[in-house]
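Biologist: I have a new chain to look through with you, and I would like to go one step at a time. Could you put the sequence and the structure up for us?

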Amino acid sequence: MSETVIFRPYAAQVACGTNSGGASDFSKSRYVKLTNTHTATVLVTIEADVGVDPGEDTNKGGMAGGTFSMPTLTTVIIQKGKYQQLFAGHAGVLGVPVHV
């Protein structure tokens, strides 16, 4: 049985970058809805939070990074640090910043 999750997207859904250089912070959102439309399980990487706001030189208390495997045709909402960026092993993973 699936649960109903209420969320509000506040930007367009886009394909995730596929490497660190293409990673996104999804408008500095704390929550990102990810959907794996690829035909295989995909590794998703959340990079370590450097915790520094451009224009400021104070540390915001960074968060550690991590990875998880996202099975095909699944959707999750992840929580991340404001300055953390993420990318996926395939552009078939779509992401959108959301409020929950």
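Biologist: Let's start with a single residue: in which strand is Thr 35 found?

Modeller: Happy to begin there, and please keep in mind that this is a predicted model. If you find Thr 35 in the chain, you will see that the residue sits in a strand. That strand is β3.

Biologist: Is Thr 35 buried or exposed?

Modeller: The relative accessible area of Thr 35 is 15%. Buried means under 20%. Because 15% falls under that cut-off, Thr 35 counts as buried.

Biologist: Which side chain does the side chain of Thr 35 join in a polar contact of 3.1 Å?

Modeller: Let's look at what surrounds Thr 35 first. Leaving out residues up to four places away in sequence, Thr 35 touches several residues, including Gln 13, Met 70, Gly 92 and Leu 94. Thr 74 and Thr 75 are also among them. The polar contact of 3.1 Å runs from the side chain of Thr 35 to the side chain of Thr 75.

Biologist: Thr 74 came up there too. How far apart are the C-alpha atoms of Thr 74 and Leu 34?

Modeller: Thr 74 is in the loop between β5 and β6, and its relative accessible area of 23% makes it partly exposed. Apart from residues up to four places away in sequence, Thr 74 touches Leu 34, Thr 35 and Asn 36. Along the chain, Thr 74 and Leu 34 are 40 residues apart. Their C-alpha atoms, however, are separated by 8.2 Å.

Biologist: Which residue has its backbone oxygen 2.6 Å from a polar atom of the Thr 74 side chain?

Modeller: Here we follow the side chain of Thr 74, which lies in the loop between β5 and β6. One of its polar atoms is 2.6 Å from a backbone oxygen. That oxygen belongs to Pro 71.

Biologist: Let's zoom out. What pattern does the chain follow along its sequence?

Modeller: The chain has zero helices and eight strands. Reading along the sequence therefore meets strands, as runs numbered from the N terminus. The pattern is β-β-β-β-β-β-β-β.

Biologist: What share of the contacts with a separation of 6 or more is between residues 24 or more positions apart?

Modeller: Thr 74 and Leu 34 make a handy example, since they touch and are 40 residues apart along the chain. For the chain as a whole, the share is 79%.

Biologist: Which strand gives the most residues to the largest nonpolar core?

Modeller: That core has 12 residues, among them Cys 16, Phe 26, Leu 34, Val 44, Met 70 and Val 93. At least two residues each come from β3, β4 and β7. With three residues, the strand that gives the most is β4.

Biologist: Met 70 is in that list. Which residues of β4 (42-46) is Met 70 in contact with?

Modeller: Let's set aside the neighbours of Met 70 within four places in sequence. The contacts of Met 70 then include Leu 34, Thr 35, Ala 40, Thr 75 and Val 93. Strand β4 covers residues 42-46. The contacts of Met 70 that fall in this range are Val 42 and Val 44.

Biologist: How far apart are the C-alpha atoms of Thr 67 and Ile 46?

Modeller: Thr 67 lies in strand β5 and counts as exposed at 53% relative accessibility. Beyond its neighbours within four places in sequence, Thr 67 is in contact with Leu 43, Val 44 and Thr 45. Thr 67 and Ile 46 are 21 residues apart along the chain. Their C-alpha atoms are separated by 6.0 Å.

Biologist: With which residue does Lys 28 form a salt bridge?

Modeller: Side chains of opposite charge can pair when their charged atoms come close. The structure holds one salt bridge, and Lys 28, in the loop between β2 and β3, takes part with its closest N and O atoms 3.0 Å apart. Lys 28 is partly exposed at 31% relative accessibility, whereas its partner is buried at 15%. That partner is Asp 25.

Biologist: One last stop, at the surface: what is the area of the nonpolar patch that includes Val 100?

Modeller: Val 100 is in the segment after β8 and counts as exposed at 55% relative accessibility. Val 5 and Phe 7 make the patch together with Val 100. Its area is about 260 Å².

Methods. Residues numbered from 1 in each chain as written. Predicted model: local features only at pLDDT ≥ 70, side-chain atom pairs only at ≥ 80, totals over all residues. Heavy atoms only, no water. Helix = DSSP H or I, 4+ residues; strand = E, 2+ residues; numbered from the N terminus. Contact = heavy atoms within 4.5 Å. Patch = residues over 30% accessible without salt bridge, like charges linked within 9 Å, V, L, I, M, F, W, Y side chains within 5 Å. Areas by Shrake-Rupley, 256 points an atom, 1.4 Å probe, with all protein chains shown as cover. Salt bridge = Lys/Arg side-chain N within 4 Å of Asp/Glu carboxyl O. Buried < 20%, exposed > 50% of the residue type's maximum accessible area, 1.4 Å probe, protein only. Core = buried A, V, L, I, M, F, W, Y, C linked by side-chain atoms within 4.5 Å. Polar contact = N/O pair within 3.5 Å; in protein donor to acceptor, adjacent residues only side chain to side chain.
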